[in-house]
Amino acid sequence: MSRRASGTSGAPVARTGSFASGPYAPPTPSRTLTVASADGARLHVEVHGPQDAPPVVLSHGWTCSTAFWAAQIRDLAADHRVIAYDQRGHGRSPASPACTTRALADDLEAVLAETLTRGEQALIVGHSMGGMTVMAAADRPRFREHAAAVLLCSTGSSRLIAEARVVPLRAGRIRSWITGRVLGSRAPLGPVTPVAKSVLKYATMGAGSAPHRVEACARIVHACPRAVRHAWGAVLAALDLDHGVRELHAPTAVLHGASDRLTPPVHAHALVAALPRCVGLTELAGVGHMTPIEAPELVTGRIRELVTTYVTGAGPADAHEQGSTPAQIKEGA
């Protein structure tokens with residue numbers, strides 16, 4: 001599953017689409033670094049918070065950037081070391097000729113190698129394509145060395161086009177064909193207009209999402225270069241990482257929005273059934289695909305719970321480790 005995205009190999013440029021102030025303005029990192037992946041691709045990495053605090057690694061989704069995690073970073077950086085990076089071609093990471101699930105895994109391993117000490121344990125959080133990155137890296141030695149636990153947000157391992165509900169038609173070949181053309185389009189998204197925000201909200205967010213959150217998502221998504229969006233969209237259309245789910249042996253929690261049209265709840269339930277050590281399913285009522293922006297407090301709260309339980313060791317043993325069925329937690333946004 002290899003695709004090519006055109007773009008410069010020069011110095012990283014700001015393509016975050018973020019706000020200059022307010023709750024979705026990205027906090028200033030303690031330090032930034034450029035990490036080289038296995039094929040030489042350069043990745044923009046940010047580290048926030050105290051150096052000696054428990055680490056959390058954030059991997060964003062398709063068409064997004066580190067700006068997507070602004071709310072989580074702002075909250076967690078007070079008492080966590082938060083490591084966030086731009087996927088290749090996104091944000092401040094230059095585009096690369098290689099767009100593959102192997103490259104995603106290489107990139108995550110490179111970030112872990114540069115930001116964590118040998119044997120150091122972290123919570124690794126992946127949203128959408130970031131969750132797929134985790135699945136792709138699940139059998140990698142470096143990933144297994146550092147993953148104390150995992151949180152998969154709004155993601156799936158296969159059949160993304162077949163299950164997506166962004167096109168309001170019944171499931172079948174016609175809907176899948178149209179969905180593939182829409183998500184893999186080369187067309188520019190253009191400026192963030194009221195119409196553009198309405199389209200993005202319908203496709204990726206819950207009906208009750210606040211206007212300022214829709215604005216934040218739209219700015220981030222529209223900042224992604226169209227060649228990068230197209231190249232990675234083609235990879236996601238053919239995605240099959242079911243084997244990666246079965247290799248993900250770290251304690252793994254799943255979180256999804258009940259109104260997600262891009263990766264509907266069927267994906268979350270499939271993950272829960274296939275994961276070797278699932279430690280809970282959290283369903284957010286009224287929330288769509290952009291869970292960290294739509295329900296920031298609930299997502300951040302789940303991150304804190306998992307860090308306490310698996311990274312610092314201060315929390316109670318999870319229900320799954322005691323032999324029970326993982327709990328399904330239904331929460332409102």
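Helices here are DSSP runs of H or I at least four residues long, numbered from the N terminus. With that in hand, let us walk through this predicted model, helix by helix and contact by contact.

A good place to start is helix α8, residues 211-222. Its 12 residues reach 16 Å from the first C-alpha to the last, close to the 16 Å expected at 1.5 Å a residue. Most of α8 is covered, with nine of its 12 residues buried. Those buried residues are R213, V214, E215, A216, C217, A218, I220, V221 and H222, and they pack against α7 (194-204), α12 (291-294) and α13 (296-311).

Within α8, look for R219 and E215, whose side chains form a salt bridge with the closest N and O atoms 3.1 Å apart. Because these two are four residues apart in the helix, about one helical turn separates them. Their surroundings are worth a look too: R219 is partly exposed, with a relative accessible area of 31%, whereas E215 is buried at 18%. Elsewhere, D39, R88 and D107 are joined into one network by salt bridges that share partners.

D107 brings us to helix α2, where it is one of the buried residues. This helix covers residues 101-115, and its 15 residues should span 21 Å at 1.5 Å a residue; the end C-alpha atoms are indeed 21 Å apart, so expectation and model agree. Like α8, α2 is mostly covered: 12 of its 15 residues are buried, among them T101, A103, L104, A105 and D106.

Where does the side chain of D106 find its salt-bridge partner? It meets R140, at 2.8 Å from N to O. This pair links distant parts of the chain, as D106 belongs to helix α2 while R140, 34 residues apart from it, lies in the loop between α3 (129-137) and α4 (141-146). Both partners are buried: D106 has a relative accessible area of 18% and R140 one of 17%, and the cut-off for buried is under 20%.

The general idea behind such pairs is that side chains of opposite charge can pair when their charged atoms come close. In total, the model has 12 salt bridges. Another of them joins E163 to R159, with the closest N and O atoms 3.4 Å apart. Here E163 counts as partly exposed at 21% relative accessibility, while R159, at 52%, counts as exposed.

Next comes helix α11, residues 265-274, in which P265, H267, A268 and L271 are buried. Those residues cover an arc of only 155° around the axis, which means that they lie on the same side of α11. What do the buried residues of α11 pack against? Their neighbours are the helices α3, α5 (160-163) and α10 (242-246), together with the strands β6 (147-153), β7 (252-257) and β8 (278-285).

We can finish with the rings. A search of the whole structure finds one aromatic pair. F68 and W69 form that pair in an edge-to-face arrangement, 5.8 Å from centre to centre and with 85° between the planes. Both F68 and W69 are buried. A ring also takes part in one further contact: the charged end of R261 sits over the ring of Y202, 3.9 Å from its centre.

Terms used
Residues numbered from 1 in each chain as written. Predicted model: local features only at pLDDT ≥ 70, side-chain atom pairs only at ≥ 80, totals over all residues. Heavy atoms only, no water. Expected span 1.5 Å × (residues − 1). Buried < 20%, exposed > 50% of the residue type's maximum accessible area, 1.4 Å probe, protein only. Phe/Tyr/Trp six-rings, centres within 6.5 Å; stacked < 30°, edge-to-face > 60°. Lys NZ or Arg CZ within 6 Å of the ring centre and 35° of its normal. Salt bridge = Lys/Arg side-chain N within 4 Å of Asp/Glu carboxyl O. Arc of directions from axis to C-beta. Contact = heavy atoms within 4.5 Å.
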